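This report describes the internal spaces of a protein model and the sheet in its chain. The sequence and structure are shown first.

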Amino acid sequence: MSQIRVVIVDDDPLVRSALSHFVSRDPEITVIAEAESGLEGIEVVERERPDVVMMDVQMPEMNGIEATAVISERWPEIKILAVTTLDGSDTVLPMLSAGASGYLLKDSSAASILEGVREVYSGASSLSPRIASLLIKHVRDTEPVASDGTLEVLTDREQEVLQRLAQGMSNAEIARTLIVSEGTVKAHLGRIMSKWHVRDRVQILVTAAHAGLVEFR
């Protein structure tokens, strides 16, 4: 596997150091640069063109939501993983809407953060369990449940994968609980995306919540 080149954007030097230490444990991940604001993050991304940006939300000069929107528009091939302490709907949903492929909380385990970097790099989405629950709750609270049967029906196994996705599990965690390979999980998710005409795991959750197929916990 090729090296995953990562840029860390966070205004706290201790957090940047900790995140760099976590992800650098993986020999296939390299932290190539750091930035302490959204504005500096954009400059670093323009210069370095990383594969993944680990982005804080609350920062001086330009926050992570604004920086994410700029990066996603200018360099859509670069994946953004939000890593923050903020878990309210006023930050989670705008961050995902701005183009973040994943949203993890800073109290996530080192293994979860590593998995998150790998997930977004591979084109998937990564959400903390609390964030997945918040996303589902927000959709259920703000949009009426669609029960018109327009969604293509999922197989029993696809339903099992969906329910675990709603719990905030990564592909690796879903694979372990279902005793299948990660490749099999990715194939199931790919079929769900194809059936529902959505682009990623976040959109699967939104669609399922809108249809009343998953519940928040």
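How many cavities of 30 Å³ or more does a search of the whole structure find? In this predicted model, the search finds 1 cavity of that size.

**The cavity**

The largest cavity has a volume of about 40 Å³. Its lining consists of Ser125, Leu127, Ala132, Leu165, Gly168, Met169, Arg201, Val202 and Leu205. By class, 6 of these residues are nonpolar, 2 are polar and 1 is charged. Helix 10 provides the largest share of this lining, with 3 residues.

**The pockets**

Two pockets are described here alongside the cavity, and the table sets out the volume and the lining classes of each space.

| Space | Volume | Lining by class |
|---|---|---|
| Largest pocket | about 420 Å³ | 13 nonpolar, 8 polar, 3 charged residues |
| Second largest pocket | about 220 Å³ | 5 nonpolar, 7 polar, 3 charged residues |
| Largest cavity | about 40 Å³ | 6 nonpolar, 2 polar, 1 charged residues |

The lining of the largest pocket comprises 24 residues. Those nearest its centre are Leu96, Gly99, Ala100, Arg199 and Asp200. Four elements each supply at least two residues of this lining: strand 4 (79–84), helix 4 (89–98), helix 6 (129–142) and helix 10 (201–210). Helix 10 thus contributes to the lining of the largest pocket and also to that of the largest cavity.

Around the second largest pocket, 15 residues form the lining. Ala111, Ser112, Glu115, Ser170 and Glu173 lie nearest the centre of this pocket. At least two lining residues come from each of helix 5 (110–121), strand 6 (126–127) and helix 8 (171–178). Helix 5 accounts for the largest share, 4 residues.

**The sheet**

Strand 4 and strand 6, which supply pocket residues, also belong to an open sheet of 6 strands. The strand order is 2-1-3-4-5-6, and the pairing is parallel. Strand 2 (29–35) and strand 6 are the edge strands, each pairing on one side only. In general, the strands of a sheet pair through backbone hydrogen bonds, in either a parallel or an antiparallel manner.

At the strand 2 edge, strand 1 (residues 4–9) runs parallel to strand 2 and is joined to it by 6 bridges. Among the residues involved, Val9 has Ala35 of strand 2 as its bridge partner. Helix 1 (residues 13–24) packs on the sheet and touches strand 1, strand 2, strand 3 (52–55) and strand 4. The direction of helix 1 makes about 165 degrees with that of strand 2.

**The annotated span**

An unreviewed UniProt entry places the feature "domain: Response regulatory" at residues 5–121. In the model, this span is 48% helix and 22% strand. The C-alpha atoms at the two ends of residues 5–121 lie 10 Å apart.

Note on methods. Residues are numbered from 1 along each chain as its sequence is written. This is a predicted model: local features need pLDDT of at least 70, side-chain atom pairs count only at pLDDT 80 or more; totals for chains, interfaces and linings use all residues. Side-chain values use heavy atoms; hydrogens and water are left out. On a 1 Å grid over the protein atoms alone, a cavity is a set of points where a 1.4 Å probe fits but cannot get out, and a pocket is an open set with protein on both sides within 12 Å along at least five of seven lines; lining residues have an atom within 4 Å of a point. Grid points are joined across faces, edges and corners, and a volume is the space filled by probe spheres set on the points. Ala, Val, Leu, Ile, Met, Phe, Trp, Tyr, Cys and Pro count as nonpolar, Asp, Glu, Lys and Arg as charged, and the others, Gly among them, as polar. Two strands pair if DSSP finds at least two bridges between them. Contact means heavy atoms within 4.5 Å. Axes are lines fitted to C-alpha atoms, for helices over the stretch in contact, and angles run from 0 to 180 degrees between N-to-C directions. UniProt positions are given in the numbering used here, feature names are shortened, and annotations may be inferred rather than shown by experiment.
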